[in-house]
Every structure is written in C-alpha cells, then in structure tokens.
Amino acid sequence: MYGGGNTFEPVNSKELTNEDPVKLEAFEARIERGEKIEPTDWMPDLYRKQLIRMIEQHAHSEIIGALPEGTWITRAPGFRRKLALMAKVQDEVGHAQLLYAAAETLGKPREAMIDDLINGKSKYSNIFNYPAYTWADACFISWLVDAGAIVNQLANARGSYGPYCRALDRICAEESFHLKYGHHCVIHMATGTKKQRQMMQEAIDRWWAPMMHFFGPPDKMSAHTEVLMKWKVKMASNDDMRNQFLDMYVPKIWELGFTIPDPKLSKDQETGRWVYTEPDWEEFKRVINGDGPCNAERLAVRRTAEERGRWVREALKTPKTDYVKPLV
Ligand code: BYC
C-alpha cells in the first residue's frame, strides 16, 4: 500500500508508534537542522509513504497537465506561439520524468505509478480536468496555473527530501520561462481587440474556481499538511500558498483591466490576508475523485499512449540478438 488515503481524513499519527523511537528522534533532529534526507538514509515508513503519494501525484499532474495545452499546439496563433507552446508542453512531460525518477528512489516502481494513474487509483491536480475551449484558456494555464505551481514548488524546493528538492529546483528554472511566456500571451490578449479581451475575461471567469482549488483544501480540512510540514516536505500550508498567489497575481490581473469573478475578493490590510468567497469544495472533491468534466477523457488519452508505447518498451527489454540479424 503506497498511500493515497481517503480524501480529507486526517493522517493517523498512530502509524508512527511502530517506529524505533531513537531512530525517529535522530531523523527529526536532522530535519530540524535543515539537513537533506537521501534515499539510503533511515526514514519512518509514514515519511516514505507520504512522499511517494505527493511526488507521484505531482508527476501525474505534469503529464496530464500537458494535455489541455497540448491540444492547442496545432491551433496556436502563429508560428512563434506554436514553437513556444510545443517547447513548454515538452518541458512539462520532462518534469514528470524527473518526478517519477524522484519517487522511484523511495521504492515504488514507475510501472506501478503509471498503472495507478491509468486505473484511476492515483490522484493528479484538479485543474487539468477542465476543458481548454479557447486559446485564452491555454493562455490562462501558461500564465496563472504555472504561477501557482511556482509558488508551491519554490517553497517545497527548500524541503527535506533531497531527490524531490533537486527535481523541483530544475523544474522551477524551466517554469520561470513558462511564466514569462504565459504572461506575454495574456498581455497580448489584454491589449488586443475587444473580442480578444472578452475571450481572456471569459477564460479568467471559467478558471478562477479551479485555480483557487489548485492549492488544496483549506488548512482546517487538509488531511496531510500537519505531518508534511512537521517533516518539512511541505514548506507552506495550502492557505498560505493560496494567499501568496493572490498577493502576487491579483494586482497583475487587475492591472491588465480584467475582473475576477469574486465580489468578496479584497486584501485585509490589518492581517495581510486575502478575503475571498470559498470555492465549492464539494465540486473539488468530485473532480479529484474522478468525476470532473474531463477526467475520463484525460485518462483515456494516457491509456492509449500506454498501449501504443508497449511495443517500444518490449523491444527495449528484448536482447538485441533476438531482433537484429547479426552481421557475418
Ligand atoms: N488536486 O491534505 P491535503 C503544473 C488531495 S503541475 C488534486 O491538503 P496535501 C502544470 C490530496 O492529494 C504541478 N488533489 O493534501 C503542469 C489529498 O488526497 P489523498 C502540480 C488534491 O498533499 C502542466 C486530499 O486532497 N503541483 O503546475 O497535504 C502544465 C487532501 O488534501 C489537490 C503539485 O502537484 C489538488 N489541487 O496538499 C501547466 C504540487 N489538493 O492523497 C502546469 C505538489 C489536494 O489523501 N503537491 N488534493 O487521497 C502538493 O504540494 C500538495 O500535494 C498539495 C495538497 C498542496 C497539492
């Protein structure tokens, strides 16, 4: 059992009672000192299980996340946009490879991770289960979904598990290009024709709630935050990451003349926290548990890719002499 418990059920800290208390104390002291934990180091089972769950979900999110933008490569407006989008989508798939490799260091084989994805056992980011109807939707993803991902990944790159942090460092470097590209696309829409501004506004209206969901449930409903923050896997809580995103990007969205579909959205100057209408958390639960607008379509694409690539994997496993006639 590799994790992936029931959504919103708090993690049972009793799982720790089976651990050797001396080893556990030494492990926690290392984390407290800011040392990195490496694959061959001793670690509690719960730490391993939580990391596999989180890194695997992150890897799946990258690979599924390539799909809504990927459908826009052939329809991107102009050759330069096509080239940039193609490179971005390729990067996202590369991020998945880095993350699968990091999760593998914890003992779960990649094949098992892919099986769990295509069989619907593993989760991946809620936001990629919504359709990208127009070019403006692809612009929203490239700018703001990538922005949200960077807020999360920059924080967690300072975390405790060496292979995950190193993968995140590399991912963040590439994401910063995506962010600039996405911002450029949105500025182009904002300064374009009336129709382009309207398309962009409609995309913001469509994607705002899934974007608020993206950072995870409110802290008081989060099952894993406490243990993950204690062990410095997560370096900021869901609400803190959401707040940081709002702080950085709401002013930029307003600056471009767009509105955000939440009349309550404002910054409380005393607390420094954003006030907003809670997005529909029941919808979030449905979407992450397989019942969003595009879940079935996304998994079907991955299943087909898996099937089509089978011969390549089998050929790689076959000894060369079985299929290459030796030169005599
Ligand atoms: N979507 O206890 P909580 C990208 C689940 S890709 C789906 O707060 P945690 C990009 C959670 O798994 C980058 N499920 O969880 C790619 C748990 O369920 P289980 C995506 C979610 O782990 C291509 C339950 O809800 N980024 O940006 O403490 C193109 C309770 O939640 C979500 C990452 O993956 C969600 N949004 O915190 C463009 C970052 N949120 O497992 C862009 C890595 C929560 O008990 N992940 N759940 O069944 C994380 O940082 C953390 O896992 C989260 C959630 C902050 C997302």
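Biologist: What makes E28 and K230 a salt bridge?
Modeller: The closest N and O atoms of E28 and K230 are 3.3 Å apart. The cut-off is a side-chain nitrogen of Lys or Arg within 4 Å of a carboxyl oxygen of Asp or Glu. The pair therefore counts as a salt bridge. Keep in mind that this is a predicted model.

Biologist: Which parts does this pair tie together?
Modeller: E28 lies in helix α1, residues 21-32. K230 lies in helix α8, so the bridge ties together parts that are 202 residues apart in sequence.

Biologist: Why is E28 called partly exposed?
Modeller: Its relative accessibility is 26%. Buried means under 20%, and exposed means over 50%. E28 is in between, so it counts as partly exposed. K230 has 48% relative accessibility, so K230 also counts as partly exposed.

Biologist: How do you know that K88 and E92 meet in a salt bridge?
Modeller: Their side chains come to 2.7 Å, N to O. The limit is 4 Å, so the pair qualifies. Both residues lie in helix α3, four residues apart. That is about one turn of the helix.

Biologist: Are K88 and E92 buried or exposed, and how do you know?
Modeller: K88 has 2% relative accessibility. E92 has a relative accessible area of 5%. Buried means under 20%, so both K88 and E92 are buried.

Biologist: What makes R310 and E307 a salt bridge?
Modeller: Their closest N and O atoms are 2.9 Å apart. That is within 4 Å, so the pair meets the definition. R310 counts as partly exposed because its relative accessibility is 35%. E307, at 47%, counts as partly exposed too.

Biologist: How many salt bridges does the structure hold?
Modeller: It holds 19. Salt bridges also link R30, R33, E35 and D41 in a network.

Biologist: Now the ligand. How do you know that N152 makes a polar contact with an oxygen atom of the ligand?
Modeller: A polar side-chain atom of N152 lies 2.7 Å from that oxygen. A polar contact needs N or O atoms within 3.5 Å, so N152 passes. For S222, an N or O atom of the side chain is 2.8 Å from a ligand oxygen. For R53 the distance is 2.9 Å. Both values are within 3.5 Å, so S222 and R53 pass as well.

Biologist: How much of the ligand does the protein bury?
Modeller: Taken alone, the ligand exposes 1000 Å². The protein buries 97% of that.

Biologist: Which residues surround the ligand most closely?
Modeller: The shell has 41 residues, and the closest are K123, N152, H224, K234 and N238. Helix α2 gives the largest share, eight residues. By type, the shell divides into 15 nonpolar, 18 polar and eight charged residues.

Biologist: One last topic, the surface. Which residues make the nonpolar patch?
Modeller: F79, L83 and M86 make it, and its area is about 330 Å². M86 is found in helix α3.

Biologist: Why is M86 accessible enough for a patch?
Modeller: Patch residues need over 30% relative accessible area. M86 has 41% relative accessibility, so it clears that cut-off. The value also lies between 20% and 50%, so M86 counts as partly exposed.

How values were computed: Residues are numbered from 1 along each chain as its sequence is written. This is a predicted model: local features need pLDDT of at least 70, side-chain atom pairs count only at pLDDT 80 or more; totals for chains, interfaces and linings use all residues. Side-chain values use heavy atoms; hydrogens and water are left out. A residue is near a molecule or strand if one of its heavy atoms lies within 4 Å of it. A polar contact is a pair of N or O atoms within 3.5 Å; within protein, one must be able to donate a hydrogen and the other to accept it, and residues adjacent in sequence count only if both atoms are side-chain atoms. Accessible areas come from the Shrake-Rupley method with a 1.4 Å probe; for residues, only the protein chains shown count as cover. Helices (H or I, at least four residues) and strands (E, at least two) are DSSP runs, numbered from the N terminus. Ala, Val, Leu, Ile, Met, Phe, Trp, Tyr, Cys and Pro count as nonpolar, Asp, Glu, Lys and Arg as charged, and the others, Gly among them, as polar. Patches are made of residues with over 30% relative accessible area and no salt bridge: like charges are joined within 9 Å, nonpolar side chains (Val, Leu, Ile, Met, Phe, Trp, Tyr) within 5 Å. Buried means under 20% relative accessible area, exposed over 50%, partly exposed in between (1.4 Å probe, protein chains only).
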